[in-house]
Amino acid sequence: MKALFPVLFIAGAMQAAPALAEDAAVSPLIGTWAVDVAKLPIPPEARPKSVTITYSDAGAGQWRTLVDVTLPDGKMVRAKSTWAPDGKPVHVEGNLEADTVATRMPEPNVMVTALALGGVPGSMRTYTVSPDGKTMTETVVFFTKDGTPGMRTNLFNRVK
């Protein structure tokens with residue numbers, strides 16, 4: 001189950017750098033994305049049944065992120081946040097892995113996010129949408145309890 005928690009947040013509450021921010025309505029990130037569960041780099045018995053991320057325009061220059069996860073036991077978890085494209089940390093509701101995130105967008109199709117839980121740094125994630133807009137790659141950088149760095153990649157397909 002511990003291996004699943006990094007998948008639970010998947011994007012939490014994305015924010016963008018003011019100088020490089022793209023309007024949410026034109027970003028290829030806007031929409032709903034589903035993780036390719038079969039390709040998750042964790043044992044099959046630990047994989048969630050599904051993970052979807054929905055990015056939407058919340059108006060007034062803000063974004064909304066919803067992350068819905070169906071755990072292996074069928075339990076549903078929803079993380080949500082609303083954030084402004086200012087690179088400042090915001091609260092995440094309902095996430096088992098993080099309660100705070102900070103994100104920037106160096107390009108319209110790229111998000112870089114830092115997660116924390118209870119003031120303790122968690123993981124860094126980079127989300128990149130393919131040129132055709134059909135797939136999104138999540139690269140996760142994390143540290144084990146002994147401080148060893150690690151990386152993994154999760155693949156998402158556009159649902160809508």
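The following exchange concerns the fold, the burial and the salt bridges of a predicted model.

Colleague: How many helices and strands does the secondary structure of the chain come to?
Modeller: Read along the sequence, the pattern is α-β-β-β-β-β-β-β-β-β-β. The helix therefore comes ahead of the strands in the pattern, given that elements are numbered from the N terminus. The total is one helix and ten strands.

Colleague: Which strands stand at the edges of the sheet?
Modeller: The ten strands form an open sheet with antiparallel pairing, in the order β4-β3-β2-β1-β10-β9-β8-β7-β6-β5. Each edge strand has a single partner strand, so one side of it is left without a neighbour in the sheet. The strands at the edges are β4 (76–83) and β5 (90–91).

Colleague: Which residue of β6 stands opposite H91?
Modeller: Strand β5 and strand β6 (residues 100–107) run antiparallel. Two bridges join them. Opposite H91 in β6 stands T100.

Colleague: Is S123 buried or exposed?
Modeller: S123 is found in strand β8, which spans residues 120–129. Not counting residues up to four places away in sequence, S123 touches E97, T113, A114, L115, V140, V141 and F142. Its relative accessible area is 4%. Because buried means under 20%, S123 is buried.

Colleague: With which side chain does the side chain of S123 make a polar contact?
Modeller: The contact joins two side chains. The distance is 3.0 Å, and the partner of S123 is R125.

Colleague: Which residue meets R125 in a salt bridge of 2.7 Å?
Modeller: R125 lies in strand β8, and the partner lies in strand β9 (residues 135–143), 13 residues apart. R125 is buried at a relative accessible area of 0%, and the partner also counts as buried, at 0% relative accessibility. Together with E97, the two are linked in a network of salt bridges. The residue asked for is E138.

Colleague: What is the N to O distance in the salt bridge of R78 and D68?
Modeller: The structure holds five salt bridges, and this pair is one of them. R78 lies in strand β4 and D68 in strand β3, so the pair ties together parts that are ten residues apart in sequence. R78 is partly exposed at 43% relative accessibility, whereas D68 is buried with a relative accessible area of 18%. The N to O distance is 2.6 Å.

Colleague: With which residue does E93 form a salt bridge?
Modeller: E93 lies in the loop between β5 and β6 and its partner in strand β4, so the pair ties together parts that are 13 residues apart in sequence. E93 is partly exposed, with a relative accessible area of 44%, and the partner is partly exposed at 36%. The closest N and O atoms are 3.8 Å apart, and the partner is K80.

Colleague: Is T70 buried or exposed?
Modeller: T70 has its place in strand β3 (residues 62–70). Leaving aside neighbours within four places in sequence, T70 is in contact with P48, K49, S50, K75 and M76. Its relative accessible area is 14%, and the cut-off for burial is under 20%, so T70 is buried.

Colleague: What distance separates the C-alpha atoms of T52 and D36?
Modeller: T52 is found in strand β2 (residues 50–59), and it counts as partly exposed at 22% relative accessibility. T52 and D36 are 16 residues apart along the chain. The separation of their C-alpha atoms is 9.8 Å.

Technical notes
Residues numbered from 1 in each chain as written. Predicted model: local features only at pLDDT ≥ 70, side-chain atom pairs only at ≥ 80, totals over all residues. Heavy atoms only, no water. Helix = DSSP H or I, 4+ residues; strand = E, 2+ residues; numbered from the N terminus. Buried < 20%, exposed > 50% of the residue type's maximum accessible area, 1.4 Å probe, protein only. Polar contact = N/O pair within 3.5 Å; in protein donor to acceptor, adjacent residues only side chain to side chain. Contact = heavy atoms within 4.5 Å. Pairing = 2+ DSSP bridges. Salt bridge = Lys/Arg side-chain N within 4 Å of Asp/Glu carboxyl O.
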